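Reader: I'd like a close look at one part of this protein rather than a tour of the whole thing. Could you pick a spot where helices pack and walk me through who touches whom?

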Amino acid sequence: MTLDDLGHDVPLPAPPARIVSLVPSITEALASDVPDRLVGATDWCTHPADLDVPRVRGTKNPDLAAVRDLSPDLVVANKEENRELDVRRLREAGVPVWVTDIETVPQALASLTRLYDEALAVPEPDWLAAARARWSGPLPQPRGRVVVPIWRDPWMVVGPRTYTGDLLRRLGWENAFATGEDRYPKAELADLDTDGVDLALLPDEPYVFTEADGPEAFTRVPTRLVSGRLLTWYGPAMVEAHDVLATVLPS
């Protein structure tokens, strides 16, 4: 019996030869390591830049008929990015679905290891070993508190129990919104641009913050524009995230 991260049985009588990925970060990994098996991806799967596979619409509104028409023997999904309803409908149509559940860097490493070992039945890729080596050390002492807006009008931020928050903590930065119930809460700008916050990271996804749209709102807290992919994509981006963010974030 092969179980995904949520404990659901995934019927895989043989390693999957036709995979549709509904998770952009995992699409990047599959395109890197098993490109011959990747037969479909979402419109949001932007890496690698030359990815040439049929598209099945978005992560939240996949075209399930298009997915089925690709005759996949495995669909890869994620608890946060994809709707449970879509996963259930695919399973009811007889399509095996492997759902990942990732809220921390260690969970990402463990989940991706299981995906490659148990589902894909391929050796661990070099990037996964490199990511484990970079991210598996002890937690550093906090150097400051950070906020990560993901939207404006209204402002929304990265909250508790998120991969992004855990990744930043492992770089020495505490999420100023690490408590509460909502993982991506709405917030007032006054609560972001305030004493007690040392840095605001402005990513380019899902909201596209730019030099002209975002930094001007902050009058007290310094800001840094940063790639959203490095903050949120688990997969090959984990190696780049460690190396680049360590230089982008102030010491």
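Author: The axes of helix 1 and helix 4 come within 12 Å and cross at roughly 50 degrees. With that angle, helix 1 counts as oblique to helix 4, and the crossing is right-handed. Keep in mind as we go that this is a predicted model.

So who does the touching? On the helix 1 side the contact uses Ile 26, Ala 29, Leu 30 and Asp 33, and helix 4 answers with Leu 112, Leu 115, Tyr 116 and Leu 120. Sort those residues by character and you get 7 nonpolar, no polar and 1 charged.

Now stay with helix 1 for a moment. It's mostly covered, with 8 of its 10 residues buried. Those buried residues are Pro 24, Ser 25, Ile 26, Thr 27, Glu 28, Ala 29, Leu 30 and Ala 31. Ile 26, Ala 29 and Leu 30 are on that list, and you've just met these three in the contact with helix 4.

Thr 27 deserves its own stop. This residue sits in helix 1, which covers residues 24-33. Its relative accessible area is 0%, so Thr 27 is buried; the cut-off for that label is under 20%. What does its side chain do in there? It makes a polar contact with the side chain of Ser 21, at 2.7 Å. Leaving out residues up to four places away in sequence, Thr 27 touches Ser 21, Leu 38, Ala 41, Cys 45, His 47 and Leu 51. Ser 21 therefore turns up both as a polar partner and in the list of touching residues, given that contact means heavy atoms within 4.5 Å.

Back to helix 4, residues 105-120, and its other neighbour here. Its axis and that of helix 5 (residues 126-135) come within 11 Å and cross at roughly 155 degrees. That angle makes helix 4 roughly antiparallel to helix 5, and this crossing is left-handed. Helix 4 brings Val 105, Leu 109, Leu 112, Thr 113 and Tyr 116 to the contact, while helix 5 brings Trp 127, Leu 128, Ala 131, Arg 132 and Trp 135. By character, that's 8 nonpolar, 1 polar and 1 charged.

If you want residues to click on, try Leu 112 and Tyr 116. Both belong to the contact of helix 4 with helix 1, and both also appear in the contact of helix 4 with helix 5.

Technical notes:
Residues are numbered from 1 along each chain as its sequence is written. This is a predicted model: local features need pLDDT of at least 70, side-chain atom pairs count only at pLDDT 80 or more; totals for chains, interfaces and linings use all residues. Side-chain values use heavy atoms; hydrogens and water are left out. Helices (H or I, at least four residues) and strands (E, at least two) are DSSP runs, numbered from the N terminus. Buried means under 20% relative accessible area, exposed over 50%, partly exposed in between (1.4 Å probe, protein chains only). A polar contact is a pair of N or O atoms within 3.5 Å; within protein, one must be able to donate a hydrogen and the other to accept it, and residues adjacent in sequence count only if both atoms are side-chain atoms. Axes are lines fitted to C-alpha atoms, for helices over the stretch in contact, and angles run from 0 to 180 degrees between N-to-C directions. Angles under 35 degrees count as roughly parallel, over 145 as roughly antiparallel, 65 to 115 as roughly perpendicular and the rest as oblique. A crossing is left-handed if the near helix is turned anticlockwise from the far one by less than a right angle, and right-handed if clockwise. Ala, Val, Leu, Ile, Met, Phe, Trp, Tyr, Cys and Pro count as nonpolar, Asp, Glu, Lys and Arg as charged, and the others, Gly among them, as polar.
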